[in-house]
Structures are given as C-alpha cells and as structure tokens.
Amino acid sequence: MTNRSKTSAARSKNSAAFAVLGGAQVTLVAAITLLTVPLPAIQREFGLGQGDLALLTSAYGLTFGGLLLLGGRLADRWGARETFLAGMALLALASAAGGLAPGHAVLLAARFAQGAGAAVAAPAAVSLVTRLRPDVRERERALAVWGTLSVTGAVAGSLLSGLVAAAASWRWSFLLPAAVGIAAVAAGIVLLPPAPRTAARLDVPGALLVTAGLIAFAYGLLEGTTAVVVAGLVLTAGFVVLQARTPRPLLPLRLVADPRRGAALLVVFVTAAASATTTFLLSLYMQQVRGLSPIATSLAFLPFLLVVVMGPVSGRLLRRLGVRHVLVAGLLLAAVSMLLLGRVASEGTVLAGLLVFPVASGLAFSGATVAALDGVRAEDAGAAGGLVNTAMEAGPTVGLAVLVALAAARAGAVPAGGARAMTEGYGFALTAMAPAFLLAAATVAAAFAWTDSQRTDSQRTSSQRTDSHGQRSDG
C-alpha cells in the first residue's frame, strides 16, 4: 500500500471508531428515557404501585450517576478500551435480562445493572475520543460533536419510548439497548485503539464514599426525603476531604480547581437540568391539559432533533469565535428559550422555544465539553470524562426536584385549580430556568476573564525575567 492509501485507511478506521463511541454514548443516555412512556404497560403486567414505578424509573440514573467517578478512574487504571468494552458488555447483558425478565425483582435488578454498565462505559468513551483525535483542532471539533450527543440521546429515547409504547411490547425498551451494546462490543474489539494504563492503586475508600454519597443525594431528592439528602451531602463532603489528603485520589481536586473547568461543569449541569425538566414538564402539560396521546406528545419534541446538526456547527464556531463567546451565546439563547417555553398556553411561542432550545443547548454543551477537557493530563482523562458525565447526570436529578416543587407550589397558589393551575405551575417552573442560564453566562464570562488576566500577568512576569537576564549578560 502507498503512504496515501495507508493514511486514508487509518482515517476511515478512526472515523468508524468515533462512530462506535458516539452511537454508544447516544444509547447510554437514551436508555434513561426509553422506559418512560411504556411504564403503564409494565405496571399492568406486574401489578406495581406508584412507588415501585418511581424506583424502576430512577434506578438507572442512580447507579449511572453514582458510579461515574469510579468508572472514570477504572478507565485510567485498566485502560479506556478494555473498560469501555466491559461497560458495554454489562449494559448488553443487563438489558437482555430486563427484556426477558419474568418478574419485577429481575426487572429492577436489570435496571440497576444497566446504569452500572453505563457508568463504566461513558467516561472510558470520552477518554478514547481524546486519543482518537490527538491533533488539537481535530480534538476540539470532535468534542464539540460529542457535547451534543447526550441531548441527542435524550431526544431519541423520548421519541423511541412513544413509538415502542404504541407499536410493540415494553420489552423492546430493554432489547434495543442490548442490541446496540452487543454491536458496540463487536465493533470496538476491531476498531478501538489500545489506551495506556496507570499503575496507581484504586482509591477504594473514596470510591465507596462518593458512590454512596451521590446515590443517597439523588435518591433523597427524587423521594423528597431531607434526611437522605443531608446524608448524601455529608458523605460527599467526606469524599472531598479524603481526596485532599490521599496521595492517589479517585478525583484529583486540581481538575475542579481550574476556574474555566468549574464554569464549564456548571454549564453542563444547568443545561442538562433544563433539557430534562423541559421534556418532563411539557410532556405532563401536553397530556394532562391538552389531552395529547403519548405518541403525539413524543412527536411534539421532534424540533429537539435540531441538536444533531449543532455539533459540526459548534465546532466551526469554536474555531472562529473561541470557547467563551460560543458558551455565552448558547447560554443567553437558552435563557430566551426558557422565557418562550414558559408561555405554555401559547402554541406558537412554545414552538419557537422548542426550536431555539436545541440550538442553544448544542452551543452550550459543545463549548462546555471542550472547556472541561482542555489541558487534562493523559492519566486523568478517564476521571475528567467521569466528572463531565457526573455533572450531566446530576443536573436532571436536581433540576427535576427543584422545578417540580416550584411548579407544585405555584399551582397550589391558584384558587381556580384544575387545568389553569397546572398551566401556571408548569409555565412558572420553566421561566425560572432563565435566570439560572443568565447566572451561568456571567460565571463563564468572569472565569474566562480571570484566567486570561492570570495568563497575561504570568507572561508579562516571564518576559520581564528574560529581559532582566539579557541585560545582565549584555553588561
């Protein structure tokens, strides 16, 4: 083969490997919402109560969010390729078990195991993406696309959820991720490059603390149990203290100490919260107030698929305008979209909001992903990927708990009750996200301005030292 043909073959293999990782990421997020619409069918088949359904719905997210930091460190220690394949294999096995489950206990265990597999695979996938694109510009373009995949997965899951409920058995909500998991493992063995391993010992106490803390915090919020929320916060605080003292931390605190990375993680958190709560609240409004069917409700979110094209667009804008401007623009547009969606009674205004939000979230997620992974050491790539995914998973949990409470409080204050109360409650909660996006935009602007100032001062000091040495040598 000539050098040109070898290069072409390598690029084709690289692109195919990225497609495998991207498809896996979309599936990992889609699996969260795939079960939403078919829940009534599951309830009828197994005779479940509302509490059982709530736990079945949240089980995936609890283990996914709680184990992400551990999954990231496993990728650094055992190799991102091997960890990704193991995570996808676990997802496939758990999904197949759920699809064939004879009873509620097996179904619930499968849902927890699905989340564990996702938590192992997701950070490893991010680490592999950075290795597939060693060139700075190509990596930035790839991460811009990657940043939109989670929203794509959430939208795809919601749409497929309605289609499955309308056309097939609920068991296909599990069998579809199983098929993707098997395909990802088979293709990954051939296409994914080997990744280095670290010799560091795994921080087992830290892993136990952060897993227990994140799961307790998320579960407490979902169930509205203050004591469990407080216990989760205490365990998480203990984890932070331990990370500051241990020589081989599960999460090096330097990763969150950087102002730009901290601001980027805030953007991921807020945008993920808005994406999940928007879908949830508008779905309730469309079915409870407007009387739409589940399939019609799913189709109403088709404009969200605009986010698919935002990855390549964001990549070009990042090169031309820089990360800060793309992030701020996305956050300001997101604030506008929340104001539009808050007027839920106006069909035209809501449609405008449904068109603006995917553009805004695409810009925000893309810019934040690039900023969060910028300058990360090779040995910390898995941990950084786990951190980004943790922010992605924590956002919907906190957002749903807070905004559903706001909607209920507002609806309760409307004397008329009924449809009018629900409309005002949902609209108030959606509008409340606008100031959150404005605050995130201000945080990004301040963080980037501060780090730019620090770098300028550092360069000036270095230049003065060089001049001083030069003058001494000339003399």
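In the predicted model, Thr211 is in contact with Gly66 and Leu67 once its neighbours within four places in sequence are left aside. A polar atom of the Thr211 side chain lies 3.4 Å from the backbone oxygen of Gly66. Thr211 is placed in helix α8, which covers residues 204–223. Its relative accessibility is 13%, under the 20% limit, and Thr211 therefore counts as buried. The C-alpha atom of Thr211 is also separated by 9.5 Å from that of Leu62, a residue 149 positions away along the chain.

Two other threonines were examined in the same manner. Thr271 belongs to helix α11, which spans residues 259–288. With a relative accessibility of 1%, Thr271 counts as buried. The side chain of Thr271 reaches the backbone oxygen of Val267 at 2.7 Å. Not counting residues up to four places away in sequence, Thr271 touches Leu331, Phe357, Ser361, Ala364, Phe365 and Phe437. Of these contacts, Phe437 is also one of the residues that touch the most other members of the largest nonpolar core.

Thr451 lies in helix α18, residues 433–474, and at 7% relative accessibility is likewise assigned to the buried class. Two polar partners were found for its side chain. A polar contact of 2.7 Å joins the side chain of Thr451 to the side chain of Arg260, while the backbone oxygen of Ala447 lies 3.0 Å from a polar atom of the Thr451 side chain. Beyond residues up to four places away in sequence, Thr451 touches Pro259 and Arg260. Both Pro259 and Arg260 fall within the residue range of α11, 259–288.

The largest nonpolar core contains 107 residues. Leu21, Phe84, Met88 and Phe437 touch the most other members of this core. For Phe84, the contacts outside its neighbours within four places in sequence are Leu21, Ala24, Ala121, Ala124, Ala125, Leu128 and Leu192. A further core of 13 residues lies apart from the largest one, and includes Ile42, Leu56, Ala59 and Phe174.

Ala41 is located in helix α2, residues 39–46. Its relative accessibility of 25% places Ala41 in the partly exposed class, because this class lies between the limits of 20% and 50%. The C-alpha atoms of Ala41 and Ala165 are separated by 8.0 Å, although these positions lie 124 residues apart in the count along the chain. Ala165 falls in the range of helix α6, residues 136–167.

A search of the whole structure identified two cavities of 30 Å³ or more. The largest cavity holds about 70 Å³ of space. Its lining is made up of Gln25, Val126, Trp146, Gly147, Ser150, Thr369, Leu373, Val388, Asn389 and Met392. Helices α6 (136–167), α15 (347–373) and α16 (381–412) each supply at least two residues of this lining. By class, the lining of the largest cavity comprises five nonpolar and five polar residues, with no charged residue.

The second largest cavity has a volume of about 50 Å³. Ala154, Val155, Ser158, Ser275, Thr279, Phe301 and Phe304 form its lining. Two or more of these residues come from each of α6 and α11. The largest share, three residues, is provided by α6. Four of the lining residues of the second largest cavity are nonpolar and three are polar, and again none is charged.

Among the open sites, the second largest pocket has a volume of about 690 Å³. Its lining consists of 36 residues, and those nearest the centre of the pocket are Arg139, Leu373, Asp374, Gly375 and Val376. Two or more lining residues are given by each of α3 (50–78), α5 (104–132), α6, α11, α14 (323–341), α15 and α18. Helix α6 makes the largest contribution to the lining of this pocket, with four residues. The class composition of the pocket lining is 15 nonpolar, seven polar and 14 charged residues. Leu373 is listed both in the lining of the largest cavity and among the residues nearest the centre of the second largest pocket.

Methods: Residues numbered from 1 in each chain as written. Predicted model: local features only at pLDDT ≥ 70, side-chain atom pairs only at ≥ 80, totals over all residues. Heavy atoms only, no water. 1 Å grid on protein atoms, 1.4 Å probe; cavity = no way out; pocket = protein on both sides within 12 Å on 5 of 7 lines; lining within 4 Å. Points joined across faces, edges and corners; volume = space filled by probe spheres on them. Nonpolar A, V, L, I, M, F, W, Y, C, P; charged D, E, K, R; others polar. Buried < 20%, exposed > 50% of the residue type's maximum accessible area, 1.4 Å probe, protein only. Polar contact = N/O pair within 3.5 Å; in protein donor to acceptor, adjacent residues only side chain to side chain. Contact = heavy atoms within 4.5 Å. Core = buried A, V, L, I, M, F, W, Y, C linked by side-chain atoms within 4.5 Å.
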